[in-house]
Each structure stands twice: as structure tokens, then as C-alpha cells.
Amino acid sequence: GSSPLFRFIMGGSWDRNNDVRKGGGALQTPTDGEHRNVMFKSELKPSEDQRVVVDVQDINGLHLKRFYRPTQDNFNDRTAVSLTYRNTGLSLWDIMQVKGYYQYKKDTRRWFDTGVRGEAITKTWTADLQMNNKWKRSVFTYGAAYEMDGGESPDDEQFTIYYPDGTVRKD
């Protein structure tokens with residue numbers, strides 16, 4: 001949708017795959033999975049010099065089975081939101097932009113042969129401020145940025161393991 005002050009776009013996709021093939025055309029089994037994705041982006045224009053942008057993504061991988069791990073399946077969930085404010089009408093800077101971002105990511109794996117389940121969760125926060133000034137044929141850019149990742153491990157393959165008897169172990 002669009003108007004002089006506000007515009008947006010929204011989209012999504014869904015697919016199911018279960019037919020990965022190797023050289024020669026033979027089916028790799030098991031290969032199966034479902035992907036669901038949704039995206040929304042909007043821009044508000046409060047004045048000629050200002051923009052406010054909101055961007056949201058939700059990406060999900062469900063029951064992902066891979067031929068090289070036949071006794072496991074995976075679930076991947078990632079949700080991200082960003083908010084940006086941009087101003088080109090300030091006297092001190094040609095462009096000033098402030099942006100914030102948050103992401104939640106959860107990977108889950110199940111081992112069918114043992115009943116074990118593993119989870120790895122990572123949360124990311126970022127904020128940045130950027131200003132630009134044009135001088136002759138140059139552009140000077142300066143600002144500040146902050147990022148924090150909070151997670152159980154730096155690798156989404158290192159899970160917190162949940163056993164059927166209630167035992168919990170960190171890999």
C-alpha cells in the first residue's frame with residue numbers, strides 16, 4: 001500500500017521440500033522440511049526531511065530432515081525487528097540516522113533414536129547513530145554503534161540437551 005505519508009509492503013512464502021537428489025538423480029533420504037517466512041516493511045514520512053522505517057521478519061524451518069543425519073530433525077525460528085529514524089533537514093548534519101534492531105533465534109534438534117532434544121537460543125540487540133556531512137567532493141561519516149549478542153554458546157550447533165529422564169546438560 002502507498003500514500004504520500006505512508007507506504008508498506010508485506011510478503012510471505014511457504015515451501016515444502018522432500019526430494020533432494022544426488023549426482024545421477026538418486027533420492028537422498030531422508031530429506032524433508034517446511035519453511036514459512038513472513039516479512040513486513042513500512043515507511044512513515046512525517047515531513048519532507050524525515051523518515052521512520054519499521055522492518056519485521058519471521059522465518060521458520062519446521063521438521064527439517066537431512067540425509068546425512070537420518071535419526072534427527074531440526075526446527076529453526078528467527079524473528080527480527082528493526083526501527084530506523086532518518087532526518088535530512090538538520091542544520092548541523094546533512095543526514096542523521098538512528099537505528100535499533102532486535103533478533104531472537106532458536107534452533108531445536110530432536111534425536112529420534114534416543115528421545116533427546118537440544119535447544120540453542122541467541123538474542124541480538126544493536127543500536128547505532130550515524131551522521132554525514134558533505135564538504136566539497138567528500139562525505140564525512142561519524143557516529144557510534146553498539147551490539148550485544150546473548151546466547152548459550154557462540155555456535156548454534158552447541159545445544160542445551162534435554163534427556164527423557166529430565167536431566168539437562170550443556171554441550
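Is L5 buried or exposed? L5 is exposed, because its relative accessible area is 52% and the exposed class starts over 50%. This is a predicted model, so the value is computed from predicted coordinates.

**Confidence**

The mean pLDDT of the protein is 91. Of its residues, 98% reach 70 or more. Confidence is highest in strand β5, residues 95-111, at a mean of 95. Confidence is lowest in strand β9, residues 168-170, at a mean of 88. Where pLDDT is low, predicted coordinates should not be read in detail.

**The nonpolar surface patch**

L5 sits in the segment before β1. Together with F6, F8, M10, V38 and L44, L5 makes a nonpolar patch on the surface. The patch covers about 570 Å². Two strands, β1 (6-17) and β2 (32-47), each give the patch at least two residues. Which of the elements supplies the largest share? The answer is β1, with three residues.

**The nonpolar core**

In soluble globular proteins, nonpolar side chains tend to be buried together. Here the largest nonpolar core has five residues. They are W111, V116, A120, F159 and I161. F159 has a long contact list once residues up to four places away in sequence are set aside. Its contacts include the core residues W111 and A120. F159 also touches D107, T108 and R109. Further contacts of F159 are G118 and E119. R169, K170 and D171 complete the list for F159.

**Salt bridges**

Side chains of opposite charge can pair when their charged atoms come close. The structure holds ten salt bridges. Three of them are tabulated here, by the N to O distance.

| Pair | N to O distance | Relative accessible area |
|---|---|---|
| R51 and E43 | 4.0 Å | R51 22%; E43 18% |
| E119 and K106 | 3.5 Å | E119 14%; K106 24% |
| R117 and E119 | 2.5 Å | R117 32%; E119 14% |

E119 forms a salt bridge with K106. This pair links distant parts of the chain, with E119 in strand β6 (residues 116-135) and K106 in strand β5, 13 residues apart. E119 also meets R117 in a salt bridge. Why does E119 count as buried? E119 is buried because its relative accessible area is 14%, and buried means under 20%. K106 is partly exposed, and R117 is partly exposed as well. Salt bridges that share partners also join R16, D32, E34 and R36 into one network.

In the pair of R51 and E43, E43 counts as buried at 18%. R51 is partly exposed at 22%.

**The loop between β1 and β2**

Three residues of this loop are described here. G25 lies in the loop between β1 and β2. G25 is partly exposed, with a relative accessible area of 35%. How far apart in space are G25 and T122? Their C-alpha atoms are 38 Å apart, with the two positions 97 residues apart in sequence numbering.

Q28 is found in the loop between β1 and β2. Q28 counts as buried, because its relative accessibility is 14%. Leaving aside neighbours within four places in sequence, Q28 is in contact with V20, R21, K22 and F67.

T29 is found in the loop between β1 and β2 too. T29 is exposed, at 55% relative accessible area. T29 and P70 are 41 residues apart in sequence. In space, their C-alpha atoms are 7.6 Å apart.

**V81 in strand β4**

V81 lies in strand β4, residues 69-87. V81 is partly exposed, with a relative accessible area of 36%. Which residues does V81 touch, not counting residues up to four places away in sequence? V81 touches D55, V56, G100, Y101 and Y102. E152 is 71 residues from V81 along the chain. The C-alpha atoms of V81 and E152 are separated by 21 Å.

Methods:
Residues numbered from 1 in each chain as written. Predicted model: local features only at pLDDT ≥ 70, side-chain atom pairs only at ≥ 80, totals over all residues. Heavy atoms only, no water. Patch = residues over 30% accessible without salt bridge, like charges linked within 9 Å, V, L, I, M, F, W, Y side chains within 5 Å. Areas by Shrake-Rupley, 256 points an atom, 1.4 Å probe, with all protein chains shown as cover. Salt bridge = Lys/Arg side-chain N within 4 Å of Asp/Glu carboxyl O. Helix = DSSP H or I, 4+ residues; strand = E, 2+ residues; numbered from the N terminus. Buried < 20%, exposed > 50% of the residue type's maximum accessible area, 1.4 Å probe, protein only. Core = buried A, V, L, I, M, F, W, Y, C linked by side-chain atoms within 4.5 Å. Contact = heavy atoms within 4.5 Å. pLDDT = per-residue confidence, 0-100.
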